[in-house]
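Biologist: Got the model open? Let's walk through it.

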Amino acid sequence: MTKKKNGNWAVTSMTLAVSATFASACTSPTTKTAENTVAGGRNPASVNSLCHPTPDDAAEAARVLASPGRYEDKRRARLRAMVQAYMLGAELLDHYDEMLDSGKPLAKIRKSVTYLKLLALHQIRQSIRHSLEDIYMVKIEQEVQTNPGFRRDEVVRKYTSDAGEEIQDLIRGGPDTLYARLALLDVKESFEDLQDYYVTCDHTVFQRNFDKRLATHNADVEELKKGAKVKRNAHKYFEPLRGEKGLHVADLVDRLAREMRDHVEFENLGRDPQSGPIYKAGVGTYGNMTGNGFPKGTWALTYDDGPAGTTTKVIDNLKKHDMKATFFMLTQQLKMAAYAAMGKREIAEGHAVASHSYTHANVPKLSAAGRQHEIVDAVNDFTTILGVRPKYFRLPYGSGTNVTSVRQIIADQGMIHVFWNVDTLDWQDKNPDSIVQRALKQMNQLGKGIILFHDIHPQSVVASEKLMGYLKDPANHIRTVTIPEIVDEMNAAAAARP
Ligand SMILES: [Zn+2]
């Protein structure tokens, strides 16, 4: 559809125009990872009504644009990388479930290479996805500006369809087409985000499309349930183009997983402090809850990474089941008026709200300024927007729980860090039923604790509602609590002990 007017179009002025457009726009609606984040450089708490988000790295995007061949390489490499990352995740998830089924203790599973790789992969997938979105955003803007007749939504639709065909080509003859189709779904989700947030600038579109999306999603999931098993090393078939730094997914995951081993606290995951004051802000075990020390049968349902378009459904479901949850939110999301309103609704309906950093960065990898932004600025701006100061914080990927200097910043803000002991891995698994099964297996082993969901995926909305039914069933003798509720209760009980 495009078209260079001459061999070497006005790249420089084009690039400037594109950058200027982004610079005057608002913050990006989606979670971003450390590599892409210009820490400390963001505007403070002003809430905007969101129109076009800005790519995380407009300068980099502009450089790519200035050389169309390189742009094409990058774009294709990222598409392939997304498919490969999805496949790799499917393999890792299978292994995680095998370990669970074999009765291996969760404390051991947490320390396994497989779990570390899942944490690493989660981060890398987000990074690839946002980098791809950035490239497309610039590309869309370029098309619209050089062709005044083009509408953004039409351009996105065209790109979605093109990307779909490209991935279908990758998949044809692949080792496991079903999983690859699910990977395609993942890429499409990314385009839907672009469409909803970037093009229409209206998060309600997401909600209107929710049921339709879910239907498509469920059709793929139904096939998955027929027992397809991902083939070991299937991800290698979708290996991204080599030679570009940072885009070799499997190698990146290996490297990052090794780093995560030092950044995540695993030793004390089997025990919360048993003598009081049980929980308080600090760098010791008492400042990092896992839920392992909760009274038997007590569970806290927690949601990360929102608010997003899907969050409204989660709040509706909680209301229907008369349950309260704890939401760990990204300040970046709260800076958009529609999402700030969701955060306020959570508070109004009795849910607990907490901070999950500014942009979902891998905090220990950041400079001092970056860490300050992700924790201190995040909390200050959160407070300005929602009118309540968070007392609880969750590091993205749990990364930094084992790094005293990071934990100190959290403690200095008077916050307790909240880990989890049940990981649903709902960001990788598109099947709500297997998400619920994975949660139940872990819950049965532990008997109490903190369940981790992400309120930004359709499958998580469905899976967590199913789990609400289980938690509420009197036959299961479960009490659900918010994090502040249980901390206050346990600390009061400890203080009353002789
Ligand atoms: Zn998160």
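Biologist: Which residue follows helix 15, and what is the sign of its phi?
Modeller: G447 follows helix 15, and its phi is positive, near 80 degrees. One caution first: this is a predicted model, where local features need pLDDT of at least 70, side-chain atom pairs count only at pLDDT 80 or more, and totals for chains, interfaces and linings use all residues. Residues are numbered from 1 along each chain as its sequence is written.

Biologist: How are helices and strands defined?
Modeller: They are DSSP runs, numbered from the N terminus: helices are H or I with at least four residues, strands are E with at least two. The chain has 17 helices and nine strands.

Biologist: Back to helix 15. What span should it have, and how far apart are its end C-alpha atoms?
Modeller: It covers residues 432-446, and its 15 residues should span 21 Å at 1.5 Å a residue. The expected span is 1.5 Å times one less than the number of residues. The end C-alpha atoms of helix 15 are 21 Å apart, which agrees.

Biologist: Which of its residues are buried?
Modeller: P432, S434, I435, V436, R438, A439, Q442, M443 and L446. Buried means 20 or more other C-beta atoms within 10 Å of the residue's own; exposed means 12 or fewer, partly exposed is in between, and C-beta atoms are placed from the backbone.

Biologist: What covers them?
Modeller: The cover includes helix 3 (68-101), helix 4 (106-110), strand 7 (422-423), strand 8 (449-454) and helix 16 (458-472). Contact here means C-beta atoms, placed from the backbone, within 7 Å.

Biologist: New topic. At what angle do helix 5 and helix 9 cross?
Modeller: Roughly 115 degrees, with the axes coming within 8 Å. Axes are lines fitted to C-alpha atoms, for helices over the stretch in contact, and angles run from 0 to 180 degrees between N-to-C directions.

Biologist: Which residues make the contact?
Modeller: From helix 5, V113, L116, K117, L119, A120, L121, Q123 and I124. From helix 9, V249, L252, V253, L256, A257, M260 and R261.

Biologist: How many of the helix 5 residues are buried?
Modeller: Helix 5 is mostly covered, with 29 of its 34 residues buried. Helix 5 reaches 49 Å from its first C-alpha to its last, close to the 50 Å expected.

Biologist: And what covers the buried part of helix 9?
Modeller: Helix 3 and helix 5 are included in that cover. The buried residues of helix 9 are V249, A250, L252, V253, L256, M260 and H263.

Biologist: Now the backbone oddities. Where is the cis peptide bond?
Modeller: It joins G306 and P307, with omega about -5 degrees. P307 is in the loop between strand 2 (298-306) and helix 10 (311-320).

Biologist: What sign is phi at D322?
Modeller: Positive, about 50 degrees, although D322 is not a glycine. D322 lies in the loop between helix 10 and strand 3 (326-329).

Biologist: Is D322 buried or exposed, and why?
Modeller: Exposed, because D322 has 9 C-beta neighbours inside 10 Å.

Biologist: What about L425, buried or exposed?
Modeller: Buried, because L425 has 22 C-beta neighbours inside 10 Å. L425 also has a positive phi, about 55 degrees, although it is not a glycine. L425 is found in the loop between strand 7 and helix 15.

Biologist: Last one. How much of the chain is buried?
Modeller: Of its 498 residues, 51% count as buried.

Key. Two residues are in contact if their C-beta atoms, placed from the backbone, lie within 7 Å.
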